[in-house]
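Biologist: Please take a close look at one part of this model with me, the part you would pick to start from. I'm a first-year, so explain the terms as you go.

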Amino acid sequence: MRISTLLGTGAAVTATAVAGSAATTPEVKADWYERLSKPPYQPPPQVFPVVWPALYTDIAVVSASAIDELHARGESGKQRSYIVALIVNLLLNAGWSWVFFKGRRFGSSAVVSAALAASSADLARRAIAVRGARAVPLVLYPLWCTFATVLSGHIAILNRRR
């Protein structure tokens, strides 16, 4: 894997994390969020700062290796397609935080989360098609996003009158 590719994917996921955090961090301490009805299976707040950096690292590393492998194979069309899929995925990722936390649009956030889960599954599929078993850890990302979709949908139902 080329360091320049890893720096590029690392910068992209870092920008996503910063954008999402800008929407999330002040709001998780706000009164409205504390009063929000949440399902009993919502993870404790300490889980999120552990899970997301691990997932972001995985996205950056697996994506960089897939992009470089496609480059090495001379498959520039597939390489461009992977990069576009990654960018769309990261926009959905950061966008969810803005829809949920800043917009307080819980139903809409469930829809964005579902799109993110589908996009994450597609990204994992693409990476596995290129890297095989070495890309399997990326499957954790759509699994987490699917759980987040269920959680977002449940929060939307519990708070539909707000």
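Modeller: Let's start with UniProt: its positions are given in the numbering used here, feature names are shortened, and annotations may be inferred rather than shown by experiment. With that in mind, the unreviewed UniProt entry puts "transmembrane region" at residues 82–101 and 139–158. What you're looking at is a predicted model, where local features need pLDDT of at least 70, side-chain atom pairs count only at pLDDT 80 or more, and totals for chains, interfaces and linings use all residues. Residues are numbered from 1 along each chain as its sequence is written, and side-chain values use heavy atoms, with hydrogens and water left out.

Now look at those two spans. Residues 82–101 are 100% helix and 0% strand (helices are DSSP runs of H or I, at least four residues; strands are runs of E, at least two; both are numbered from the N terminus). The C-alpha atoms at the two ends of that span sit 29 Å apart. Residues 139–158 come out at 95% helix and 0% strand, and here too the end C-alpha atoms are 29 Å apart. The unreviewed entry also lists a "signal peptide" at residues 1–19; that span is 89% helix, with 27 Å between its end C-alpha atoms.

Zoom out for a second. The chain has six helices and zero strands, and its C-alpha atoms fill a box of roughly 55 × 25 × 25 Å along the principal axes. Of its 162 residues, 43% count as buried (under 20% relative accessible area; exposed is over 50%, partly exposed in between, with a 1.4 Å probe and protein chains only). Take contacts (heavy atoms within 4.5 Å) with a separation of 6 or more: 80% of them join residues 24 or more positions apart.

Back to the close-up, starting with Tyr82, which opens the span 82–101. Setting aside residues up to four places away in sequence, Tyr82 touches Ser63, Ala66, Ile67, Leu70, Leu123, Arg126, Ala127 and Leu138. Tyr82 is also among the residues with the most contacts inside the largest nonpolar core, along with Trp52, Ile59, Ala127, Leu138 and Tyr141 (such a core is a set of buried Ala, Val, Leu, Ile, Met, Phe, Trp, Tyr and Cys residues joined through side-chain atoms within 4.5 Å). That core has 26 residues, and α3 (48–72), α4, α5 and α6 (140–158) each supply at least two of them. The top contributor is α3, with ten residues. There's also a second, separate core of twelve residues, including Phe101, Phe106, Leu151 and Ala156.

Next, find Ser113 in helix α5 (residues 106–131). Ser113 counts as buried because its relative accessibility is 2%. Its side chain makes a 2.8 Å polar contact with the side chain of Thr149 (a pair of N or O atoms within 3.5 Å, one able to donate a hydrogen and the other to accept it; residues adjacent in sequence count only if both atoms are side-chain atoms). Beyond its neighbours within four places in sequence, Ser113 is in contact with Trp96, Cys145, Ala148, Thr149 and Ser152.

Last stop: Arg104, in the loop between α4 (76–102) and α5. Most residues other than glycine have a negative phi. Arg104, though not a glycine, has a positive phi of about 55°. With a relative accessible area of 41%, Arg104 is partly exposed.
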